[in-house]
Amino acid sequence: MHKLMLEHEQVEIRCHPHSRTLVGPISVGLLVIMLGSAALAKLQPMTFAQWAPAAGPWRQPLVVVVVMAACLLLLVYPIRRVLRWAGTKYTLTNQRLLVRQGLLSRKLQIHVLAHMQEVRAVQSWRQRMVGSGDLQLIAYPDTVVTVREIPHWNEFNKDAQQFWAREFRASMQQTPQDRDYAWTEGMSERSCASLEETTDPPEPSLTPASHNQTKALETQLLGGERTMKRRDVAAGVGVSLLSARKIWRAMGFPNLGDEDVAFTERDQEALQIVVTMVREGLLTEETAISVTRSIGQMTDRMAVWQIEALVEDLVVEHGVSDAEARRAVVSELPSLIPPLEELLVYSYRRQLNAGIQRLAVRAQEGLASSELGRDGDETTRRYPWPAPWDLPTWSATPPCLGA
């Protein structure tokens, strides 16, 4: 396992699943052994001759059947579950949670704590009696990985929550540094290998972003400094913290603590917009959350796509490394934000209009035209199909730009 450790990564807890998962398999195994022993006792020569004197030739085949049935049942359930338990190991480090499964053919699941939106503790009343529990790792969007039957659950959960909060805040607030895991995450293996082999890296042709530039970009994007806690934002809008968390979860925000100063006045204004639509009856609460979730999911994927496109452009056009390009993007983004925002609103309005025409207006007019038949006039005919923006097509290089 030490070969999988990263730089500055330390193993905090290493354990198997809780032994309570073995109670069922061991009980079934003991029951099979007891029933098999009782059956073999009945098949002893003298006993068998007393209760089945006419079936003497069948005694040996019956012994073989009983032994094989007992071995098969032990192999199918108890032994298989015990081997699965022995081959499963949980390793919690200060950066990741590793789940190893299998003895011969191994399967390794690596969960980076900094990539999780929430680490949720779940414990049933049966688990509470023996001190075990489950841990749910929630990634965006709506991806839940459950690590089951963790022993010493209170200690494991406390450390996992502490490490996740520290790693997540670091990924949100700090600028990645050279040879840091957050900096190399996402780079290809070839890029990482070439980075390690380089002893005297050349001077970058692009100016890397400083901490002040990163902070200024964050202030520009968030609309101000982080000065508010989540209870302050909910109280300012006049809603409960539970209602505010539903909306933030739909937007893909992490589940921060009560003492985390992570919100700006712009966050309060955005929450007020959603709450006002519900209070004025424009949307129900369920519809508002669904619409908000659609915005959060689409903008998340769009932002990642655009950043990767900018990084690729810098790598190709300027001949810099992937790491240098990612740091330089922070310097290039401030001048790109206003035109990208205008283009986003423009595209949204056009696509919304096309969706309305395609999904609502034309469907209704098509039904009305069918009822009128040939007696309809020009005002009842359907719009030309397909129309521009009805069937959007995306390509890596649009024809008008690639010519």
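**Notes on helix α10, the four-stranded sheet and Thr88**

1. Let's start with helix α10, which spans residues 230-237: its residues Arg230, Val233, Ala234 and Val237 are buried. These four sit on the same side of α10, because they cover an arc of only 95° around the axis. Keep in mind as you look that this is a predicted model.

2. What lies over that buried side? The cover for the buried residues of α10 includes two helices, α11 (241-251) and α12 (265-279).

3. Have a look at what comes right after the helix, too. Gly238 follows α10, and its phi is positive, near 90°.

4. On to the sheet. It is an open one with four strands, in the order β1-β2-β3-β4, and the pairing is antiparallel. β1 (11-15) and β4 (107-112) are the edge strands, each pairing on one side only. On average, neighbouring strands here are turned by 15° against each other, direction ignored.

5. Zooming in on one pair: β1 and β2 (residues 89-93) run antiparallel and are joined by four bridges. If you want a spot to click on, Arg14 has Thr91 in β2 as its bridge partner.

6. Finally, Thr88, which you'll find in the loop between α4 (78-87) and β2. Is Thr88 buried or exposed? It counts as buried because its relative accessibility is 7%, and the cut-off for buried is under 20%. Leaving aside residues up to four places away in sequence, Thr88 touches Cys15, His16, Pro17, Arg100 and Gln101.

Key: Residues are numbered from 1 along each chain as its sequence is written. This is a predicted model: local features need pLDDT of at least 70, side-chain atom pairs count only at pLDDT 80 or more; totals for chains, interfaces and linings use all residues. Side-chain values use heavy atoms; hydrogens and water are left out. Two strands pair if DSSP finds at least two bridges between them. Axes are lines fitted to C-alpha atoms, for helices over the stretch in contact, and angles run from 0 to 180 degrees between N-to-C directions. Buried means under 20% relative accessible area, exposed over 50%, partly exposed in between (1.4 Å probe, protein chains only). The arc is that of the directions from the helix axis to the C-beta atoms. Contact means heavy atoms within 4.5 Å.
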